[in-house]
Amino acid sequence: MALVIRDAEVLTMDAVTGATPVRRSIRIDGDTITEVGTRVRTDDTDTVLDGRDRLVCPGFVNAHTHSWEYLAKGRYDNLPLELWMLYSYPILGARPLSPDLIRLRSLLFAAESLKSGVTTLVDDVLETPAQDLDQLDAVVGAYDRIGIRADVSGHVINRPFVDTVPYAADRLPPAVVSTVRSRPVPTAQEYLDFSAEALRRYRDRAGGRVRYMLAPSGPQRCTDDLITGAAELAPAHDVSCHIHVLETKVQAVTGREFHGSTLVEHLRRIGALTPNTTLAHGIWVTDADIDLLAEHGSGVAHNPVSNLKLGSGIAPWRRYHRAGVTLGLGTDGCSSSDTPRMHDVLKAAALLHKVTGPDHHDWPRADEVLRAATAGGARTAHRHHEIGTIAPGMQADLLLYDLDTLAFTPRNRAELQLVHSENGSSLRRVLVAGRTVVEDGRLTTVDEDALRAELAELMPGIRAEQDRLERENDVFADAFEWMHRTCAGEDVGVHRWSGPDPSLARSH
Ligand SMILES: [Zn+2]
């Protein structure tokens, strides 16, 4: 018994018709697309969906996110990355979250993701003060249950946080610095052992739908042996090694101060650039950095909404394309963008780069944006052999939009309207691995109302804990503010952002 979608407008995102809508029928047997054509086989026992007035495209891949931040959604504004991290990723005083709360958090995060058309999460999960396998199990179990596809880390920082940024340690009280430096951090071997166990444990989870990935936080936040070990382990298990690189100008200064080179050159030197390596952000890169990424086949997860909200800068979209570096699109976490809704990211990617230069031939096209949100993200997640396009043999991760809505009225170019006019409100059905997980705006696998009610009961306690952590970590604020402003004024050889006005008062 198969599922057949008959006579829909389809964006296959494949090499032939790409993002041009074509009238197609799609046959799905189990979790796999088995036929795509103007006609497909239909048996008496098949379920047939009328595809007229429907636009079908591959599910979106959220190529970079952090479900951890879900509980801090809507808490912060007008903080640059390094200052925002003090509160959203507290350095001192954090107590581990229970697996039950992590399960609830992951279910709600995945629920909102699925309802906005995200069928695959690249979820770089960081728990403070450290992650254990019970906590990781909770995330993996939640994604298995709700029916989303996901790569889940393993995010690790193994250097004392005050030593991951330039200048700040000298301006902090010595007692605070020694407290931070005395906190235990995992050794490279401990992280690689943890990762090997996670890779073994989740190898066949939900038929490969939920996997573990490697995620050293960044070249300035991890030791070289940890990064190199992770970069070697990823290809051996056909997963990605996900690393934050050059998100902010502070990080561009950090590369020069710590390594005397750019952070991308440093990764190349230690052998960490491979086709399985994906850089999150990649904003403050030089032309030579971009060439290195292209040469080694490494991809970039681009997060325009988060980059705007944290004032991080603007990634060089056209230069990445010209060099042949694959881009995925991500929301980043729910505290740096405050939503896992990919429609916002598609539109932001389409618009943001138009202000970077007057040559309109260089501006992002809707088909490029859609490719980054689907096939590009599949590539940066190392799932391109199974998702990202609509073709026989691919997994049936599909979005079905109603074209008979205000967003698609008048019906001109569906692919342009999907990027610029639609916000997810026309989405009628979401399939992951052939299973309907959202139908007419409702999740089929979990009780959303019950999940929200459960969290609402817990929020007073969670908020009190967040308030306590903010007070405790406020001790870093002045030194980090000074570091941020100092770096903003330095010349790092790339110009992505003009820096803050030093006369502006601290806004938090
Ligand atoms: Zn991130």
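# Salt bridges, a zinc site and a sheet

Me: In which helix do R485 and E481 both lie?
Reply: R485 and E481 are 4 residues apart, about one turn of the helix. The model is predicted, and local features need pLDDT of at least 70, side-chain atom pairs count only at pLDDT 80 or more, and totals for chains, interfaces and linings use all residues. Residues are numbered from 1 along each chain as its sequence is written, while side-chain values use heavy atoms, with hydrogens and water left out. Helices (H or I, at least four residues) and strands (E, at least two) are DSSP runs numbered from the N terminus, and the run that holds both residues, 477-488, is helix 16.

Me: How far apart are N and O where the side chains of R485 and E481 meet?
Reply: The two side chains form a salt bridge, a term for a side-chain nitrogen of Lys or Arg within 4 Å of a carboxyl oxygen of Asp or Glu. In this pair, the N to O distance is 2.9 Å.

Me: Is E481 buried or exposed?
Reply: The classes rest on relative accessible area, where buried means under 20%, exposed over 50% and partly exposed in between, with a 1.4 Å probe and protein chains only. Its partner R485, with a relative accessible area of 25%, is partly exposed. E481 has a relative accessibility of 13%, and therefore counts as buried.

Me: Which residue forms a salt bridge with R201, and why does the pair tie together parts 64 residues apart in sequence?
Reply: The closest N and O atoms of this salt bridge are 2.7 Å apart. The pair ties together parts that are 64 residues apart in sequence because R201 lies in helix 5 (residues 188-201) while its partner lies in helix 3 (residues 133-146). R201 counts as partly exposed at 35% relative accessibility, and the partner, partly exposed with a relative accessible area of 25%, is D137.

Me: Which residues coordinate the zinc ion?
Reply: Donors are N, O and S atoms within 2.8 Å of the metal (3.2 Å for Na, K and Ca), and since water is not among the atoms, sites may look incomplete. The spacing of the donors along the chain is H-x1-H-x177-H-x87-D, and both H64 and H66 are buried. At 2.0 to 2.8 Å, the zinc ion is coordinated by H64 (NE2), H66 (NE2), H244 (NE2) and D332 (OD).

Me: Why is the arrangement around the zinc ion irregular, and what angles do the 4 donor atoms subtend?
Reply: Four donors count as tetrahedral if all angles lie between 85 and 135 degrees; four count as square planar and six as octahedral if opposite donors are over 155 degrees apart and all others between 65 and 115, and anything else is irregular. The arrangement here is irregular because the 4 donor atoms around the zinc ion subtend angles of 79 to 174°.

Me: What is the order of strands in the open sheet of 4 strands?
Reply: Two strands pair if DSSP finds at least two bridges between them; strand 13 (residues 277-281) and strand 14 (residues 299-302) pair in the parallel sense over 3 bridges. L279 stands opposite V300 in strand 14. The open sheet has parallel pairing, and its order is 12-13-14-15.

Me: Which are the edge strands of the sheet of strands 12-13-14-15?
Reply: An edge strand in this sheet pairs on one side only. The two that do this are strand 12 (241-245) and strand 15 (327-329).
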